[in-house]
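This briefing walks through one protein model, topic by topic. Please keep the sequence and the structure in view while reading.

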Amino acid sequence: MVAATEIDVVTDLKRRIVEGLAILTGEGIMDGAGHLSARIPGTDTFLINPRFPGILADPDDICTVDLNAKRIGGRGPIPSESIIHAILYRDRPDVQSVVHCHARYSILVSLLDSGLIPFSRTAASFDGVPVFPESHGINTPALAERFIRSIGDKAVALLQGHGIVATGPTVEGACINGLNLEKASQDQITMMSFTTPKPLAGRALGQSNERLENPYRMWPYLLNKHGIRPRAAIKASIHSLPEGEHY
Ligand SMILES: [Zn+2]
């Protein structure tokens with residue numbers, strides 16, 4: 001029998017996945033393809049939207065999948081690239097959520113010899129963005145093994161000519177990593193039309209995990225922007241840092 005608290009956790013994760021899909025689509029980095037998943041804590045399973053446009057998924061449509069990328073719950077069908085998510089949850093205990101989509105500017109950057117240049121705070125926040133040098137959909141164990149070696153311990157990766165994979169410590173954090181990767185890619189492509197971006201001098205590489213666990217500014221802003229929850233409910237859900245604390 002499944003414990004009541006576990007059902008609550010799954011219900012909450014399904015709602016957050018649906019909200020994340022709405023934001024990724026509203027922000028234009030996800031279209032009819034693309035998927036967002038979340039690990040079910042304490043299990044070898046995860047939740048993922050099925051194989052139709054993410055914006056149309058309701059919580060009841062979200063499927064449960066094991067670490068062999070086999071559907072064990074929900075109506076399905078699940079995405080053919082579910083194995084991207086499965087291998088990240090298998091090999092990266094730090095990863096709690098994964099986004100894969102075909103973000104346009106990131107695809108352009110994935111085709112540049114330079115890859116993403118850490119020329120801005122957003123671009124530098126990733127501490128290096130590997131490029132997986134194969135454009136094929138990642139839908140076999142052999143491709144997934146090569147992909148996991150390529151991303152290593154990084155938060156995000158570009159898939160050459162194909163798209164992005166973004167991970168995070170929460171559903172919201174993975175979405176924000178994906179959105180920031182596409183934003184940095186768009187800025188780089190724009191800047192390259194008139195100059196060559198240079199790495200930011202004296203930059204502090206790396207990310208704040210706390211900010212991805214509790215993105216109390218960007219996520220409420222996006223929920224409100226896309227009309228996903230009533231304004232009062234969004235405000236009530238914000239957990240700001242106390243005055244004097246910074247990250
Ligand atoms: Zn894909």
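In the hairpin formed by β1 and β2, five residues lie between the strands, and G42 takes a positive phi near 75°. The model is a predicted one. The points below start from this hairpin and move on to the sheet, the zinc site and the cysteines.

**The β1-β2 hairpin**

- Strand β1 covers residues 35-39 and strand β2 residues 45-48; the two run antiparallel and are joined by three bridges.
- R39 has F46 as its bridge partner in β2.
- S37 is paired with I48 of β2.
- Strand β2 is covered on both faces: T45 and L47 are buried on one side, F46 and I48 on the other.

**The sheet as a whole**

- Eight strands make up an open sheet with mixed pairing, in the order β4-β3-β2-β1-β5-β8-β7-β6.
- At the edges are β4 (71-73) and β6 (131-132), each of which pairs on one side only.
- Helix α2 (residues 82-91) packs on this sheet and touches β1, β2, β3 (63-66), β5 and β8. The direction of α2 makes about 25° with that of β1.
- Four bridges connect β2 with β3, and the two strands are antiparallel. Here I48 stands opposite C63 of β3.

**Strand β5 and its two partners**

- All five of the five residues of β5 are buried.
- S97, V99 and C101 point to one side and V98 and H100 to the other, and both faces of β5 are covered.
- On one flank, β5 runs antiparallel to β1, with four bridges between them. S37 finds its bridge partner in V98 of β5.
- β5 is also joined to β8 by five bridges, again in an antiparallel arrangement. V98 has T167 as its bridge partner in β8.

**The zinc site**

- Which protein atoms are the donors of the zinc ion? They are E81 (OE), H100 (NE2), H102 (NE2) and H162 (NE2), at 2.1 to 2.3 Å from the ion.
- Along the chain these donors follow the spacing E-x18-H-x1-H-x59-H.
- Two of the donors link distant parts of the chain: H100 sits in strand β5 (residues 97-101), while H162 is in the loop between β7 (156-159) and β8 (163-168), 62 residues apart.
- Why is the arrangement of the four donor atoms irregular? The angles they subtend around the zinc ion run from 84 to 136°, whereas a tetrahedral assignment needs all angles between 85 and 135 degrees.
- H100 is buried, at 0% relative accessible area.
- H162 is buried too, with a relative accessible area of 8%.

**G163 in strand β8**

- G163 belongs to strand β8 and is buried, its relative accessible area being 0%.
- Beyond its neighbours within four places in sequence, G163 is in contact with C101, H102, A103, I107, A157 and L158. H102 is one of the zinc donors, and C101 is among the buried residues of β5.
- The C-alpha atoms of G163 and S135 are 8.6 Å apart, although 28 residues separate the two in sequence.

**Cysteines**

- How many disulfides does a search of the whole structure find? The count is zero.
- C63 is in no disulfide, and the nearest cysteine sulfur, that of C175, is 18 Å away. C63 is buried, with 0% relative accessible area.
- C175 is likewise in no disulfide. The nearest cysteine sulfur to C175 belongs to C101 and is 9.1 Å away; because the cut-off for a disulfide is 2.5 Å, this pair does not count as one.
- C175 is also buried, at a relative accessible area of 0%.

**R16 in helix α1**

- R16 is part of helix α1, which spans residues 4-26.
- Is R16 buried or exposed? R16 is buried, with a relative accessible area of 18%; the limit for this class is under 20%.
- Leaving aside neighbours within four places in sequence, R16 is in contact with T170, V171 and E172.

Terms used. Residues numbered from 1 in each chain as written. Predicted model: local features only at pLDDT ≥ 70, side-chain atom pairs only at ≥ 80, totals over all residues. Heavy atoms only, no water. Buried < 20%, exposed > 50% of the residue type's maximum accessible area, 1.4 Å probe, protein only. Donors = N, O, S within 2.8 Å, 3.2 Å for Na, K, Ca; no water. Tetrahedral: all angles 85-135°; square planar, octahedral: opposite > 155°, others 65-115°. Pairing = 2+ DSSP bridges. Contact = heavy atoms within 4.5 Å. Axes fitted to C-alpha atoms, helices over the stretch in contact; angles between N-to-C directions.
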